[in-house]
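User: I would like to go through this protein chain feature by feature, with the reasoning behind each answer spelled out. Please begin with the meaning of any term that the first answer will need.

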Amino acid sequence: MLVDSFMLAAVAHELNRNAKGWWVRSVKAVAPFTIALPLQGRGKGRIWLLASAHTRYAHIGWQREAPASLAEPHEETERFADVLERHLEQARFLEAEQVDFDRLLVLRFVTLTPLGERKRYALWCEIMGKHSNLVLVDEGVGIIVDALKRLPLSLNRYREVLPNKPYIRPPTGDRRNPLTITESELEHLAASRPVKTPSDWAKVLFGMSDPLLALLQERFGDLTKAETMAKALAWLLEIVAKGEFAPTIWCDQTGMPLWCYPLPAPFNIQLQASAAKPQPPVSTPFPTPTEHFGSNLTKWLQVLMTCEGVEQRRQSLLATIQRNLAGIERQLQELNQRWQEAKEAERYRHWGELLLTFAHQIPEGATEAEVTDFDAEPPQTMHIPLPEGKSAVEAAQHYFALYRKLKSAAETVPSVLERLRLRREEWIALAERVKKAGEAELTELAAQIRKTAQLTPSPTGKRDGDFLRFVVAGDYEVWVGRHAEANLRLLRSARPDDIWFHVKGATGSHALLRVKKRGEEVPQKAIEQAAQIAAYFSKRRTSSLVEVDYTRARYVRPVKGQKGLALYTHFKTIAVTPQLPEDSEPTPPISLAGGRRWKPP
């Protein structure tokens with residue numbers, strides 16, 4: 001509870017002392033669930049009365065500077081601001097009344113109708129955490145004109161908060177007004193409900209917040225005794241009735257408000273009251289008297305809202321970094337596994353040689369070949385698995401192809417691993433900077449993270465029916481399918497020498513680089529940029545490096561009955577960063593392998 005009843009009492013006192021009789025000039029929506037009413041007195045300047053029903057920062061306050069308008073549309077706030085302007089523009093502010101020392105403030109206004117009749121309105125400000133609300137009531141008939149948060153019976157069984165319904169105060173339970181209760185009534189309450197700690201009074205009395213109870217206990221001692229509590233409440237009544245507040249603000253060494261209260265209170269309580277977690281001050285701040293409370297309350301809460309917004313932005317950036325780090329870790333794991341497999345390349349070559357040597361001894365349809373390896377010392381019997389449906393010679397060719405593929409990977413995978421490790425370190429360093437960054441630096445880091453992650457908001461290619469078209473290096477066109485049906489049509493419209501691209505091992509759009517003439521060699525730069533486009537339009541868009549297979553369209557055929565799926569051979573693989581060609585300079589390609597698809601036995 002950031003704003004308690006004692007704070008609202010101080011705000012009500014200031015409004016009654018300084019703004020009673022002033023005119024409402026307009027109404028403005030300034031933030032979600034927050035409206036501002038400019039009050040102006042003849043020759044006395046202007047203040048902006050702020051009423052907020054924010055779930056966390058609900059309050060009533062004021063400031064002298066005109067607040068900014070809503071940064072983004074907020075339907076409920078704008079609707080209620082329009083209602084208030086229709087009924088309260090040019091109305092006179094009569095008074096602010098706190099009800100039963102509860103977090104319930106009534107702002108009363110009077111206006112003249114077009115017929116010259118005086119009409120009274122009450123703006124009920126219910127400052128109650130997530131249940132906070134602003135309700136405009138026609139005081140003449142006690143009927144709700146409108147509410148910032150409309151509540152039908154389906155949302156609130158106790159009362160309806162809707163236009164043309166009677167206004168019912170929020171439920172109070174059995175609590176009493178602490179400013180009107182007598183000592184004998186306190187003793188009776190203490191006898192019926194044992195008070196073991198000062199906070200137990202909050203169950204039977206309105207407004208007994210932790211800061212207020214700490215303030216009273218520091219001044220009067222043990223509040224668990226009814227006679228002590230009676231003396232404390234008598235003193236509180238005198239302060240509120242006479243308006244003898246001493247507004248106090250705590251700031252850190254940079255001048256940032258950490259808390260404010262109508263009277264000096266214990267410092268440890270202000271730490272509990274702060275919802276945001278600003279950087280801890282180097283030295284303990286001391287209370288500083290101030291002239292006004294309502295304006296400092298607004299200033300403090302605005303600082304908290306800003307701090308919370310910065311923290312939310314920080315957490316959002318850290319989440320983006322963690323997603324990218326997780327993607328890099330997955331790629332590192334896959335590549336490390338491939339690297340381990342690459343170390344087995346010589347075994348597959350040896351298997352192929354043995355199968356060719358003893359092919360005449362291996363029966364047709366066998367699933368395993370049992371041969372003697374005479375190169376071993378001493379010679380030993382080996383059991384070599386045969387891929388299903390392959391003869392011994394075909395199996396040998398299979399293992400030779402596997403050997404070539406793994407040898408190629410053994411040459412290229414280490415460089416990819418190194419690039420991924422460097423990218424991982426880059427993300428980790430960014431995470432450390434984000435954790436320590438202030439508001440201005442977070443904006444710069446957000447741009448850097450977007451660039452690093454290649455999170456381009458929207459494709460800039462031209463639409464051509466179901467395809468997107470891009471121009472890459474060498475003025476080659478790249479077509480991208482927008483859905484499964486488009487991928488199929490893209491493949492059917494391809495010419496034999498066009499180059500087809502698809503991300504390895506993940507779903508995504510098909511991409512087709514259109515060649516200019518038959519049999520031409522397409523520049524590597526164009527192939528790389530086309531691969532980047534294919535990676536961008538896949539589920540691995542946010543990964544640092546993505547492997548993309550590419551081959552001539554003549555080697556690609558669609559799978560019958562499964563839209564968007566294709567089988568392909570004679571392909572090569574390139575590792576690229578997902579991006580569109582106009583966003584940044586492409587990174588050098590890393591050719592991983594060529595050949596047919598294979599699965600380890």
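Analyst: A residue is called buried if its relative accessible area is under 20%, exposed if that area is over 50%, and partly exposed in between. The model discussed here is a predicted one.

User: Is Asp-497 buried or exposed, and what is its relative accessible area?

Analyst: Asp-497 is found in the loop that runs between α11 (484–492) and β19 (499–503). Leaving aside residues up to four places away in sequence, Asp-497 touches Val-515, Arg-518, Gly-519, Arg-552 and Arg-554. Since the limit for a buried residue is under 20%, Asp-497 counts as buried, with a relative accessible area of 9%.

User: Which residues of α11 are buried, and which strands are included in what covers them?

Analyst: The buried residues of helix α11 are Ala-486, Asn-487, Leu-488, Leu-490 and Leu-491. The cover over these buried residues includes β17 (467–472), β18 (476–481), β19, β20 (511–514), β22 (556–558) and β23 (566–568).

User: How are α3 and α5 oriented where they pack, oblique or roughly parallel?

Analyst: Helix α3 (residues 183–192) packs with helix α5 (residues 226–242) at an angle of about 135°, and their axes lie 9 Å apart. Angles under 35 degrees would be roughly parallel, those over 145 roughly antiparallel and those from 65 to 115 roughly perpendicular, with the rest called oblique. An angle of about 135° falls in that remaining class, so α3 is, relative to α5, oblique.

User: Which residues of α3 and α5 meet, and how many of the contact residues are charged?

Analyst: From α3 the contact uses Glu-183, Leu-186, Glu-187 and Ala-190, and these meet Ala-226, Glu-227, Met-229, Ala-230 and Leu-233 in α5. By class, the residues of this contact of α3 with α5 are six nonpolar and no polar, and the number that are charged is three.

User: How is α1 oriented to α5, oblique or roughly parallel?

Analyst: Helix α1 (residues 5–18) and α5 pack at an angle of about 25°, with 9 Å between their axes. The limit for this class is an angle under 35 degrees, and therefore α1 is, relative to α5, roughly parallel.

User: Which residues make the contact of α1 with α5, and how many of them are nonpolar?

Analyst: On the α1 side the contact is made by Phe-6, Ala-9 and His-13, while α5 brings Leu-236, Ile-239, Val-240 and Lys-242. Divided by class, the contact of α1 with α5 has one polar and one charged residue, and its nonpolar residues number five.

User: Which side chains of β14 point to the buried face?

Analyst: In a regular strand the side chains alternate between the two faces of the sheet. Strand β14 (residues 368–373) shows such alternation, with Glu-368, Glu-370 and Thr-372 pointing to a face where they are not buried. The side chains that point to the other face and are buried are those of Ala-369, Val-371 and Asp-373.

User: How many bridges join β14 to β15, and which residue is the bridge partner of Thr-372?

Analyst: Strand β14 and strand β15 (residues 380–385) run antiparallel and are joined by six bridges. The two strands form a hairpin, with six residues between them. Within β15, the bridge partner of Thr-372 is Thr-381.

User: Where is Pro-378 found, and is the peptide bond from Glu-377 to Pro-378 cis or trans?

Analyst: Pro-378 is found in the loop between β14 and β15. With omega near 0°, the peptide bond from Glu-377 to Pro-378 is cis.

User: In what order do β11, β12 and β13 lie in their open sheet?

Analyst: Strand β11 (residues 248–251) runs antiparallel to β13 and is joined to β13 by two bridges, and Ile-249 stands opposite Thr-288 in β13. The edge strands, each of which pairs on one side only, are β12 (257–261) and β13 (288–289). The three strands therefore have antiparallel pairing in an open sheet, and their order is β12-β11-β13.

User: Is Phe-33 buried or exposed?

Analyst: Phe-33 lies in the loop between β2 (28–31) and β3 (34–40), and its phi is near 65°, a positive value in a residue other than glycine. With a relative accessible area of 17%, Phe-33 is buried.

How values were computed. Residues are numbered from 1 along each chain as its sequence is written. This is a predicted model: local features need pLDDT of at least 70, side-chain atom pairs count only at pLDDT 80 or more; totals for chains, interfaces and linings use all residues. Side-chain values use heavy atoms; hydrogens and water are left out. Axes are lines fitted to C-alpha atoms, for helices over the stretch in contact, and angles run from 0 to 180 degrees between N-to-C directions. Helices (H or I, at least four residues) and strands (E, at least two) are DSSP runs, numbered from the N terminus. Contact means heavy atoms within 4.5 Å. Ala, Val, Leu, Ile, Met, Phe, Trp, Tyr, Cys and Pro count as nonpolar, Asp, Glu, Lys and Arg as charged, and the others, Gly among them, as polar. Two strands pair if DSSP finds at least two bridges between them. Buried means under 20% relative accessible area, exposed over 50%, partly exposed in between (1.4 Å probe, protein chains only).
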